[in-house]
Every structure is written in C-alpha cells, then in structure tokens.
Amino acid sequence: MRRQRLKVVLTRKLPDAVENRLGELFDVEFNSSDQLFTRDQLTAAARRADVLVPTLNDTIDAGILAQASDNLKLIANYGSGFDHIDVHTARQRGIIVTNTPDVLADDTADMTMALILSVLRRIREGSLHMQSGDWKGWSPQAFQGTRVGGKALGILGMGRVGQAVARRARAFSMAIHYHNRKQLREETENELRATYWESLDQMVARMDVLSINCPHTPSTFHLMNARRLRLMKPTSIVVNTSRGEVIDENALTRLLRSGELAGAGLDVFEHGAEVNPRLRGLDNVVLLPHMASATREARHEMGEKVIINIKTFDDGHRPPDQIVPSML
Ligand code: DGY
C-alpha cells in the first residue's frame, strides 16, 4: 500500500519550478498570495504540517513550537540563516531543522563587493547626480572617492561567504584580514593570503573596510557595539550583508553622522524593515533591501535544496543540510 504523502506547508511563494516539483512529490499547501503569515497563521500551519517550509520572515520560537502537532517532524527553511528558528527547542521536540547553505555564498559575496565599491567610489551619489539632470561635465574635484586597491579588508566571519568575499577582494588588490571563531587551515589561509586576528578589537582598529559575514547568534549580537565601532579609523567603512543584529545600528548611525566613521554599505538592518530614519538621510551610506542573495539562480537552487532535504527525510535518511548543535 502507498504511504500517505507528506503534508508540506510553504509560508511564501517560491519559484514556479520549485513549487511544481514539490507539488509532484508531496501534498503541498502553497501561499500563492505571498502574504506574510501572521503569528496565528504560523501557529496554525505548525499544527497541520508534517513539514513546514518557512523563510527568514517567520519567527518560529518556543511558543509556536509548543503548539505544533506531533506530526511536525521537519522545518525545511528556505534560506541559509536560521536565527529566526529556535533550533534548541525544535531538537528537544524531535523536530529536524534544515537550511540552504552554499548556494547563496557567491551572490552574497558579489553584493558585498558591490557595496564596498559603491561606498568607497561614491557610486550612489554619482548616480543620483546624473538622475537629477544637474551634471555639467567632468571636473577634477568632483566625486573624489577612495582607491580600493591596497586597502585593508577585515572580514568578520570567515565561513563560506567570508571566503568568497576574500577571493573577490584579492582580485581588487585588497589586503585580506579576518577574525573567526576558529582559525582557518594553513592551506586555506595561504590560498586566500589572509591574516588571522585572534583579537577582534585589534583587527577592527587597523582596517579600512570591515565586512560583516558572520551569522547572528547570541554570541554575535552587537558584536560591533559602540565601543568597538569607535576603535575603527574615522576613514574606514563598514559593510554588512549578513544580519543587522551583529551591529548596534543606533551607535553606527551616531558615528556616521558625527564623521567618526566614513561610510557604510548595509543590506541588512537590526530591526528588519524598520530602518533607522536617521540612517536613511545620510549621504555616506548605501542601503539595500536585503537583496544580497537575490538572483534567480540562487532562489532556484535554494528551492532545490529544500526539495532534497524533504525528500531525503521522507526516504528515512538524514537530510544533508540538517542543522547540528556545533553550528549553533
Ligand atoms: C538567508 O538565506 O539567510 C539570506 O539572508 C537570504 O538572503
């Protein structure tokens, strides 16, 4: 007799090809309106799903997990970051959590470089000037930025994305430095020509550019607090394509406004879409709507990872992207 198909609930609209394949394999509840689930809707979804497919907008905390049905056995997150899911409580309840690593790293690293270039070379200001119709022609004084080559780049978090940033930055002749929970293997350090700093304080004080590429965890929350941001040189800039919570956004805003930091390129914000209005008004910042991984290719490959994780689980095996305690 055929087994009953897994009931899979998607909280957002995913690429068509991904939804079609999911629909062939499982009993899927789609969200064709793409409206964000309310907390009540998310709780109800956790009550009726065998597999929940959330995104970073869905906070799945202990309260929601406490009301989940016993059938909920897998949370197959569509995304790499999983700081919105209480993985400890899920584990205690026997629920496996998976994510979609690797496939976003190159696109995120590309956008990190785009932000570094945009801030140092004042691309946003130049573009706004052209769009205003005010340009009167070339001038030796106009739009002088900062040369990228030869500058010291400090990468905070040297995982997949951090390393992809290092490879790109090498091609721009930047000097690569990093701080990470663990020092990389010597071969990798040599390949990236990266210098390890055990002390984050000492590294940030010497960098021209700081790129945040570590996940948001309890130990990285406000890792770049007011004290550490103040250690940076007034000519330096900060770029963040990871999670907003790693930087104290109010402190960063104050330092940018007072000229104690030269600029920032931010794709993520401490309070999600509630971006500090005092940050929005600044010329020396480039702000993006959390789009570092937004390529058609990445979104498709993230979906493929979700499918493989669910299918492997359904076949009775350990999903390849299961989040394990050492990752927390
Ligand atoms: C993720 O997958 O966590 C990314 O932040 C989405 O862009």
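1. In this predicted model, the side chain of Arg243 brings an N or O atom to 2.7 Å from an oxygen atom of the ligand. The side chain of His290 likewise has an N or O atom that lies 2.9 Å from a ligand oxygen atom, and a backbone N or O atom of Gly81 is placed 2.8 Å from an oxygen atom of the ligand. Taken on its own, the ligand has 230 Å² of accessible area, of which the protein covers 88%.

2. Arg243, His290 and Gly81 belong to the set of residues around the ligand, which also includes Leu56, Gly79, Ser80, Leu104 and Ser293. By residue class, this shell is made up of 5 polar, 2 nonpolar and 1 charged.

3. Turning to the open sites, the second largest pocket has a volume of about 210 Å³. Its lining comprises 16 residues, and those closest to the centre of the pocket are Val119, Leu120, Arg122, Ile237 and Ala262. Two or more lining residues are given by each of helix H5 (105–120), helix H6 (123–132), strand E11 (263–266) and strand E12 (285–287), with H5 supplying the largest share, namely 3 residues. In terms of character, the lining of this second largest pocket divides into 7 nonpolar, 5 polar and 4 charged residues.

4. Helix H5 also takes part in a salt bridge, in which Asp106 is paired with Arg168 and the closest N and O atoms are 3.2 Å apart. The pair joins distant parts of the chain, since Asp106 sits in helix H5 and Arg168 in helix H7 (residues 160–171), with their positions 62 residues apart in the numbering. A search over the whole structure finds 20 salt bridges, and the pair of Arg168 and Asp106 is one example of such a contact.

5. As for enclosed space, the structure holds 1 cavity of 30 Å³ or more, and the volume of the largest cavity is about 30 Å³. The residues that line the largest cavity are Asn240, Gly244, Ile247, Glu249, Leu252, Leu266, Val268 and Phe269. When sorted by class, the cavity lining consists of 5 nonpolar, 2 polar and 1 charged.

Conventions. Residues numbered from 1 in each chain as written. Predicted model: local features only at pLDDT ≥ 70, side-chain atom pairs only at ≥ 80, totals over all residues. Heavy atoms only, no water. Near = heavy atom within 4 Å. Polar contact = N/O pair within 3.5 Å; in protein donor to acceptor, adjacent residues only side chain to side chain. Areas by Shrake-Rupley, 256 points an atom, 1.4 Å probe, with all protein chains shown as cover. Nonpolar A, V, L, I, M, F, W, Y, C, P; charged D, E, K, R; others polar. 1 Å grid on protein atoms, 1.4 Å probe; cavity = no way out; pocket = protein on both sides within 12 Å on 5 of 7 lines; lining within 4 Å. Points joined across faces, edges and corners; volume = space filled by probe spheres on them. Helix = DSSP H or I, 4+ residues; strand = E, 2+ residues; numbered from the N terminus. Salt bridge = Lys/Arg side-chain N within 4 Å of Asp/Glu carboxyl O.
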